[in-house]
Amino acid sequence: RVDFIVFHEVAQLRFATFHREQTELAAQHGKHVYVEKPTAYAIAESRAMVEAARRYGRTWVTILERLA
């Protein structure tokens, strides 16, 4: 199962265990980041992701994907 999907300029992250590292990598490579809930298991991890997006001028968004 893929947990890091890149669509041209956007990276979608799926599993909270790896969100921080993947956010930093995606932002470094010029990708905007969509993170599925939960964003992280610790507040410090979420703050680090927001800071990485700011540092590289990328958008970081949390989404909740619902299956009908």
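Which residue forms a salt bridge with E24? I shall answer that question from the structure before us, which is a predicted model.

The partner of E24 is R20, and the closest N and O atoms of this pair are 3.4 Å apart. Both residues belong to helix α1, which covers residues 19–28. Within that helix, E24 and R20 are separated by 4 residues, or about one turn. As for their surroundings, E24 is partly exposed, with a relative accessible area of 23%. R20 is likewise partly exposed, at 31%.

Let me now turn to the other contact of R20. This arginine also forms a salt bridge with E45, where the closest N and O atoms are 3.4 Å apart. Here the partners sit in separate helices: R20 lies in helix α1, whereas E45 lies in helix α2, residues 43–55, and therefore the pair ties together parts that are 25 residues apart in sequence. E45 is itself partly exposed, with a relative accessible area of 27%.

Why can such side chains pair at all? Side chains of opposite charge can do so when their charged atoms come close.

How many salt bridges does the structure hold? The total is 2. Taken together, R20, E24 and E45 are linked in a network of salt bridges. In that network, R20 is paired with E24 inside helix α1, and R20 is also paired with E45 of helix α2.

Key:
Residues numbered from 1 in each chain as written. Predicted model: local features only at pLDDT ≥ 70, side-chain atom pairs only at ≥ 80, totals over all residues. Heavy atoms only, no water. Salt bridge = Lys/Arg side-chain N within 4 Å of Asp/Glu carboxyl O. Helix = DSSP H or I, 4+ residues; strand = E, 2+ residues; numbered from the N terminus. Buried < 20%, exposed > 50% of the residue type's maximum accessible area, 1.4 Å probe, protein only.
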